[in-house]
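Hello,

I am passing a structure on to you, and my notes on it follow below. Please have a look at it before you read on.

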Amino acid sequence: GDMAGWLTMDETGIDYPVMHGDTNEEYLNKDPYGDYSLSGSIFLDSRNSDDFSDEYSLIYGHHMEGGAMFGPLHKYLNRSYFEKHKNGTLTVKEKPYSLHAFAVMRTDATDSVIFTPTERPASEVLEYAEKNAVLKNDKEMEKAAGKKIVALSTCQYPDTIYRIIVLCYMDK
């Protein structure tokens with residue numbers, strides 16, 4: 001596997017390399033250096049292109065206690081936290097893109113819209129979020145139209161099929 005980019009969500013503690021494996025299992029229990037690790041790595045779906053050129057890219061991370069990895073994502077279910085932590089940066093091949101969260105979803109691992117990233121145009125993901133999001137920011141949602149979407153996904157609790165998804169759009 002390789003490093004596809006670096007993800008930071010401002011003032012959340014999320015500040016990690018985004019790895020890209022040959023399979024989605026590769027980085028579940030492996031750190032960015034390739035060593036065994038319970039907390040694994042933050043990683044891009046193996047089906048996605050590692051330069052984030054797809055319309056819709058999906059990034060996974062474990063929900064760790066104490067706020068490590070994607071532990072903070074569940075806080076996005078709280079509207080005031082969501083509104084205060086919408087912004088981040090995704091650096092791809094030395095180039096920084098700004099990320100803006102526009103919706104938060106609760107779904108499960110069998111959700112075919114969210115979890116088949118390369119089969120979905122961004123517009124379909126946007127429409128789906130519009131209908132199904134737990135929280136959304138209409139202003140940011142309007143700005144997301146026509147832009148690339150990046151989803152951050154984590155388990156709501158260890159060993160369940162429930163997922164929390166924070167949807168962001170990429171901007172120059």
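**What I found**

Buried residues make up 51% of the 172 in the protein chain (buried is under 20% relative accessible area, exposed over 50% and partly exposed in between, with a 1.4 Å probe and protein chains only). Please keep in mind that this is a predicted model, in which local features need pLDDT of at least 70 and side-chain atom pairs count only at pLDDT 80 or more, while totals for chains, interfaces and linings use all residues. Residues are numbered from 1 along each chain as its sequence is written, and side-chain values use heavy atoms, leaving out hydrogens and water.

**Fold and overall shape**

The protein chain has three helices and nine strands, where helices (H or I, at least four residues) and strands (E, at least two) are DSSP runs numbered from the N terminus. Starting from that end, the order is β-β-β-β-α-β-β-α-β-α-β-β.

The radius of gyration of the protein chain is 14 Å, which agrees with the value near 16 Å for a compact globule of 172 residues; it is taken over C-alpha atoms, and the globule rule is 2.2 Å times the number of residues to the power 0.38. Along the principal axes, the C-alpha atoms fill a box of roughly 40 × 30 × 30 Å.

Contact here means heavy atoms within 4.5 Å. Of the contacts between residues at least 6 apart in sequence, 59% join residues at least 24 apart.

**Surface**

About 8200 Å² of the protein chain is exposed, and carbon and sulfur atoms supply 49% of that area (Shrake-Rupley method with a 1.4 Å probe; for residues, only the protein chains shown count as cover).

**Cysteines**

How many disulfides are there? The count is zero, taking a disulfide as a pair of cysteine sulfur atoms within 2.5 Å. For cysteine 155, the nearest cysteine sulfur is that of cysteine 168, 18 Å away. Cysteine 168 is itself buried, with a relative accessible area of 0%.

**Leucine 58**

One residue that I looked at in detail is leucine 58, which sits in strand β4 (residues 56-60). Leucine 58 is buried, its relative accessible area being 0%. Leaving aside residues up to four places away in sequence, its contacts include Phe43, Leu44, Ile114, Phe115 and Pro117, along with Ala151 and Ser153. Asparagine 24 lies 34 residues from leucine 58 in sequence and 11 Å from it in space, C-alpha to C-alpha.

Best wishes
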